[in-house]
Amino acid sequence: MKRMRRTMAVLFILTVLMVSGCGKKDGFGANQKTYFFNYKVDSAYVCSEFEGYTPADGNQILVASVTIKNTFKEQIEMYDTDFQAQWGGAGDDDFSLPITFDGTEEGLDPLTEEQLPGIYTMDKGETRTGLLVFEVPEGLQDFSISYMEAFDDDSTGDTYFVNFTAETK
C-alpha cells in the first residue's frame, strides 16, 4: 500500500496547527494507537550537535527515540516525516520536520544507523525502534511528537500527540 504522506506534509502541518488541542496527550512510554500503527516516544534529549550536524544559530537538536509497531492488516510504507516535533502554542513556526527532510521524497541520508530512514517499509506486526532528529529553537525542553493519519484517497483522520520534556546533553 502506498501512502503519499510526503506530499501531504504541508497539509499535515496546517491541519495540526488547526487542531492542536485534539488528540491524546501522554508522555514517555504511552502508546498512541493510530489506524496504521502504534507509536510511543521512549526517550528524548536536546543537544548542540548530533553526529557532526550543527544547527543554525539560535537552534538546538532534539533527538527522540521512538518505537513503532505496524498494527495494520498488511505491510505499510513509512516516512520519517510522518512525524513532526512541536512546541509552544502551535504558532505558525512552532514545528519541525526531521533534519533528513529536504523537500524531496527520498530526503537526505540518516546520520547514523539508529536514525529512522526517510522511507522504509514495515511488515504486518513488525516493531521498529529508531531515532527521529529535529532542529528546534534553543532553550526549549517541552515538546510533542505528532502524527496525523493520511489515507490513499487524500483524506485525513485523527491527529495524535505525545508530550514530553527532553533531557539536556
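## Aromatic pairs in a predicted strand-rich fold

Phe-72 is buried, at a relative accessible area of 8%. The model described here is a predicted one. The protein contains 1 helix and 11 strands. Of its 169 residues, 49% count as buried.

**Overall build**

- In sequence order, the pattern is α-β-β-β-β-β-β-β-β-β-β-β. The helix therefore comes before the strands, which are numbered from the N terminus.
- Consider the contacts between residues with a separation of 6 or more: 69% of them join residues 24 or more positions apart.
- The accessible surface of the protein is about 8100 Å². Carbon and sulfur atoms hold 47% of that surface.

**The pair Phe-36 and Phe-72**

- How many aromatic pairs are there? The count comes to 13.
- One of them joins Phe-36 and Phe-72. The centres are 5.2 Å apart, and the planes meet at 55 degrees. This pair is tilted, because its angle falls between the limits of 30 and 60 degrees.
- Where do the two rings lie? Phe-36 sits in the loop between strand S1 (32–33) and strand S2 (37–47). Phe-72 sits in the loop between strand S3 (59–70) and strand S4 (76–79). The pair thus links distant parts of the chain, 36 residues apart.
- Is Phe-36 buried or exposed? Phe-36 is buried, because its relative accessibility of 1% is under the 20% cut-off.
- Phe-72, at 8%, is buried as well.

**The pair Trp-87 and Phe-143**

- Trp-87 and Phe-143 form an aromatic pair with centres 6.3 Å apart. The angle between the planes is 80 degrees. That is over 60 degrees, so the pair counts as edge-to-face.
- Trp-87 lies in the loop between strand S5 (83–86) and strand S6 (95–96). Phe-143 belongs to strand S9 (residues 142–150). The pair therefore ties together parts of the chain that are 56 residues apart in sequence.
- Trp-87 counts as buried, at 9% relative accessibility. Phe-143 is buried too, with a relative accessible area of 3%.

**Cluster and charge**

- Which residues form an aromatic cluster with Trp-87 and Phe-143? Phe-28 and Phe-164 join them in one cluster.
- Lys-169 meets an aromatic ring as well. Its charged end sits over the ring of Tyr-45, 4.3 Å from the ring centre.

Terms used: Residues numbered from 1 in each chain as written. Predicted model: local features only at pLDDT ≥ 70, side-chain atom pairs only at ≥ 80, totals over all residues. Heavy atoms only, no water. Phe/Tyr/Trp six-rings, centres within 6.5 Å; stacked < 30°, edge-to-face > 60°. Helix = DSSP H or I, 4+ residues; strand = E, 2+ residues; numbered from the N terminus. Buried < 20%, exposed > 50% of the residue type's maximum accessible area, 1.4 Å probe, protein only. Lys NZ or Arg CZ within 6 Å of the ring centre and 35° of its normal. Contact = heavy atoms within 4.5 Å. Areas by Shrake-Rupley, 256 points an atom, 1.4 Å probe, with all protein chains shown as cover.
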